[in-house]
Amino acid sequence: MTDAPIRLARPDVGEPELAAVAEVLASGQLTMGPWVARFEKALARAVGTADAVAVSSGTAALHLAMLALGVGEGDEVIVPAYTFPATANAVELCGGQAVLVDVDPETFLVRPELVAEAVTPRTRAVLAVHLFGRPLEWEELQTAVPQDVPLVEDAAGALGATYRGTPCGALGLMACLSFHPRKIVTTGEGGAVTTDEAELAAAVRRLRHHGIADGPTTDIPVPGLNYRLADVLCALGVPQLERLETLLVARERVAGWYEERLAHAVGVPRASEGDRHGWQAYVVTLDRRDEALAALRAAGIEAQIGTYAVNALAAYRGRGSFPGADAAFARALALPFAGTMTEDEVDRVATALLRFA
């Protein structure tokens, strides 16, 4: 008997999500209805910010955050060299330049001392990534950057994570989240911008809806985009936000099983003392990564590289030397990971992986 395939990720959805989506379908109002506001209020409560603005993807959230800050031609935004390319793309799509900064190849997080060296008079913001759900060293980053340079969190995978007790998503001037199916809360595709600044929240709301301004007459002061998130998708996310703690505890349990089996042989992910990991993914490091990846896939176990060294992509080549990002790109391996995984499935993955440790 052949073992069943083990998927890279599996959203934890069920009857509550079906009921919520059915309610939207029955209403006939699939977009621009009440579920968007419900989702936004639940998310703002979960993160601890005054406002949350739902948008069509995590990439849209990054793009709108940069637009709301006024990033444009001649501006620089500091971005980790090891991250999903959307972080850098959002800057360049506004006409700015993504200034790449190297990362620690063990934690995958940007090095604050190198951020400090990268700041110039043209630096408009820093996009700080809590990669795979691990909170970065926020106080060190704050110290490294002049007070007039905004810190914007790329918290795409960090919903539920905390830095010294403060939720990721509430640390920076703004934060950008994703609700892709590999995230702890999913709307299929979707994202959000969280902030305590009313003017920035209003700007993101206008920009996600073609730039249309609220008021007695319809006007578009600045052109915008259609980056709205439909009610039917927000309905999918509301029940998950209500049980966010339960979802995170389930992922912590699976992460613990992996650590028990792998910590002696490969580099395993952890948060710093006093922090809580968001566990968007379970990414290990090992020298024989490519061999292990091929073998896992051949055994019916979905796995993937961690993410990209942005400097290795054609659009961003020639921007410097980034040995930390290169090492992470070569050694990081994302294992199957979901709160619904069984211990037997973790055993099977670990057994296959340890052949290459």
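Before we look at charges, one convention: Lys and Arg count as positive and Asp and Glu as negative, with His and the chain ends not counted. With that in place, the chain has 30 positive and 45 negative charges, and the mean positions of the two sets are 4 Å apart. Do keep in mind, everyone, that this is a predicted model.

Let me start with the overall picture. The secondary structure comes to 12 helices and 12 strands. The radius of gyration is 20 Å, close to the 21 Å that the globule rule gives for 357 residues, so the chain is as compact as a globular protein of that length. If you like to think in boxes, the C-alpha atoms fill one of roughly 65 × 55 × 35 Å along the principal axes.

What about the inside and the outside? Of the 357 residues, 54% count as buried. The accessible surface comes to about 15100 Å², and carbon and sulfur atoms account for 52% of that. For those of you who work with contact maps, take the contacts between residues at least 6 apart in sequence: 70% of them join residues at least 24 apart.

Now for two helices. Please find α12, residues 343–354. At 1.5 Å a residue, its 12 residues should span 16 Å, and the end C-alpha atoms are 16 Å apart, which agrees. Which residues of α12 are buried? They are V346, R348, V349, A350, A352 and L353. Here a bit of textbook helps: an α-helix has 3.6 residues a turn, so residues three or four places apart point the same way. You can hold that against the buried positions V346, V349 and L353 on your screen. The cover over the buried residues of α12 includes two helices, α9 (244–262) and α10 (289–298), along with the strands β10 (282–285) and β12 (332–335).

The other helix is α4, residues 86–93, where A86, T87, A88, A90 and V91 are buried. What covers them? Among the elements doing so are helix α3 (58–68) and the strands β2 (76–80), β3 (97–101), β4 (123–129) and β5 (151–154). Just after α4 comes G95, with a positive phi of about 95°.

Staying with backbone angles, two residues that are not glycines also have a positive phi. One is F132, at about 65°, in the loop between β4 and α6 (138–144). Is F132 buried or exposed? Its relative accessible area is 9%, and as buried means under 20%, F132 is buried. The other is R164, with a phi of about 50°, in the loop between β6 (162–163) and β7 (166–167). R164 counts as partly exposed, at 40% relative accessibility.

Next, a charged residue on the inside. E40 sits in helix α2, residues 34–47, and is buried with a relative accessible area of 8%. Which residues is E40 in contact with, once its neighbours within four places in sequence are left aside? The answer is A52, V53, A54, R205 and R208.

Let me finish with three loop residues. L30 is in the loop between α1 (15–27) and α2, and at 40% relative accessibility L30 counts as partly exposed. Along the chain, L30 and L229 are 199 residues apart, yet in space their C-alpha atoms are 10.0 Å apart. Leaving aside neighbours within four places, L30 is in contact with V24, L25, A230, D231 and V232.

Then there is P223, in the loop between α7 (198–208) and α8 (231–242). P223 is exposed, with a relative accessible area of 68%. Its C-alpha atom is separated by 8.0 Å from that of I212, which is 11 residues away along the chain. Not counting residues up to four places away, P223 touches L207, H210 and G211.

Last comes G320, in the loop between β11 (304–305) and α11 (323–331). At 52% relative accessibility, G320 counts as exposed, given that the cut-off for exposed is over 50%. How far apart in space are G320 and G160, C-alpha to C-alpha? They are 34 Å apart, with their positions 160 residues apart in sequence.

That is my tour; thanks for listening, and I am happy to take questions.

Key: Residues numbered from 1 in each chain as written. Predicted model: local features only at pLDDT ≥ 70, side-chain atom pairs only at ≥ 80, totals over all residues. Heavy atoms only, no water. Helix = DSSP H or I, 4+ residues; strand = E, 2+ residues; numbered from the N terminus. Rg over C-alpha atoms; globule rule 2.2 N^0.38 Å. Buried < 20%, exposed > 50% of the residue type's maximum accessible area, 1.4 Å probe, protein only. Contact = heavy atoms within 4.5 Å. Areas by Shrake-Rupley, 256 points an atom, 1.4 Å probe, with all protein chains shown as cover. Charge placed at Lys NZ, Arg CZ, Asp CG, Glu CD. Expected span 1.5 Å × (residues − 1).
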